[in-house]
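Colleague: I am new to this fold, and I would like to learn how to read the way helices pack against each other. Could we look at the model together before you explain?

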Amino acid sequence: VVWDNYPAVFREGPFGRFIWNSVVITGLATLGQVLSSLIVAYGFARLRFPGRDVLFGLCLSTMILPAQVTIVPLFLLFRQLKWIDTYLPLIVPYYTGTAFTVFLLRQFILTLPYDLDEAATIDGASRMGILWKIIVPNCGSAIATVTVFAFMGHWNAFLEPFIFLNTPAKFPLGVGLRFLTSIIQSPGLPKDNLLMAGSVMMTAPIVVLFFLAQEYVVQGIATTGLKG
């Protein structure tokens with residue numbers, strides 16, 4: 001291992017800036033995705049209202065559409081909102097939840113006894129009180145699972161930042177590594193070693209996060225979908 005490759009990446013381009021951009025985008029988007037999906041999942045799992053199953057089916061059907069199909073209408077929408085070349089398209093849409101995280105959380109909530117909700121209702125708890133004081137403490141493994149998945153998705157994102165961002169100083173790591181390619185591949189000696197070093201640094205947080213949360217992730221996946 002040539003350790004000099006790692007500081008050399010920061011000398012070749014604004015790699016530190018790319019890391020900070022990824023931290024901001026990933027942190028805010030993951031927070032919004034998990035919180036909003038948890039609220040929506042609670043509604044689908046515990047509330048009874050007309051058309052609930054139909055709406056849940058429509059929610060799941062959105063997973064059929066690949067991102068490449070919706071990227072053009074999303075670009076036109078964000079252009080009208082003047083969000084292009086800002087972080088808003090990469091963060092705000094996830095505050096409405098995503099079908100995958102809603103599904104995982106909803107299936108896990110269904111495994112919890114409904115008696116807990118009834119007991120909390122008798123004690124005077126509101127719906128939101130039940131969610132935060134009863135459901136959330138008992139959904140630690142499921143929340144950890146969707147947090148890891150959401151973090152991985154936003155940290156590794158390439159297509160959306162590549163389409164919606166134009167200024168190199170705003171690029172996250174996924175697009176930033178590609179931008180470094182145009183800088184590094186200048187006349188002279190090959191510098192693929194620097195790209196590999198950058199890729200290792202980009203992958204390292206995901207590996208660390210998984211090892212820290214692997215027990216909860218395995219438990220969450222194993223218990224999700226046992227009921228419903």
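Modeller: Let us start with one pair: helix 2 passes helix 9 in a right-handed crossing, where a crossing is left-handed if the near helix is turned anticlockwise from the far one by less than a right angle, and right-handed if clockwise. Please keep in mind that this is a predicted model, in which local features need pLDDT of at least 70 and side-chain atom pairs count only at pLDDT 80 or more, while totals for chains, interfaces and linings use all residues. Residues are numbered from 1 along each chain as its sequence is written, and side-chain values use heavy atoms, with hydrogens and water left out.

Colleague: At what angle do the axes of helix 2 and helix 9 cross?

Modeller: The two axes cross at roughly 140° and come within 9 Å; axes are lines fitted to C-alpha atoms, for helices over the stretch in contact, and angles run from 0 to 180 degrees between N-to-C directions. That angle makes helix 2 oblique to helix 9, since under 35 degrees counts as roughly parallel, over 145 as roughly antiparallel, 65 to 115 as roughly perpendicular and the rest as oblique.

Colleague: Which residues of helix 2 and helix 9 meet?

Modeller: On the side of helix 2 they include Ser22, Val23, Thr26, Ala29 and Thr30, and on the side of helix 9 they include Ile143, Val146, Thr147, Ala150 and Phe151, with contact meaning heavy atoms within 4.5 Å. By class, this contact has 9 nonpolar, 6 polar and no charged residues (Ala, Val, Leu, Ile, Met, Phe, Trp, Tyr, Cys and Pro are nonpolar, Asp, Glu, Lys and Arg charged, and the others, Gly among them, polar).

Colleague: How do the axes of helix 2 and helix 6 cross?

Modeller: Their axes come within 8 Å and cross at roughly 50°, which makes helix 2 oblique to helix 6, and this crossing is right-handed. Among the residues that meet are Ser37, Val40, Ala41, Phe44 and Arg46 in helix 2, and Thr101, Leu105, Arg106 and Ile109 in helix 6. The contact has 11 nonpolar, 3 polar and 2 charged residues.

Colleague: How many helices and strands does the chain have?

Modeller: The chain has 12 helices and 0 strands, where helices (H or I, at least four residues) and strands (E, at least two) are DSSP runs, numbered from the N terminus. As for its extent, the C-alpha trace spans about 75 × 45 × 30 Å along its principal axes.
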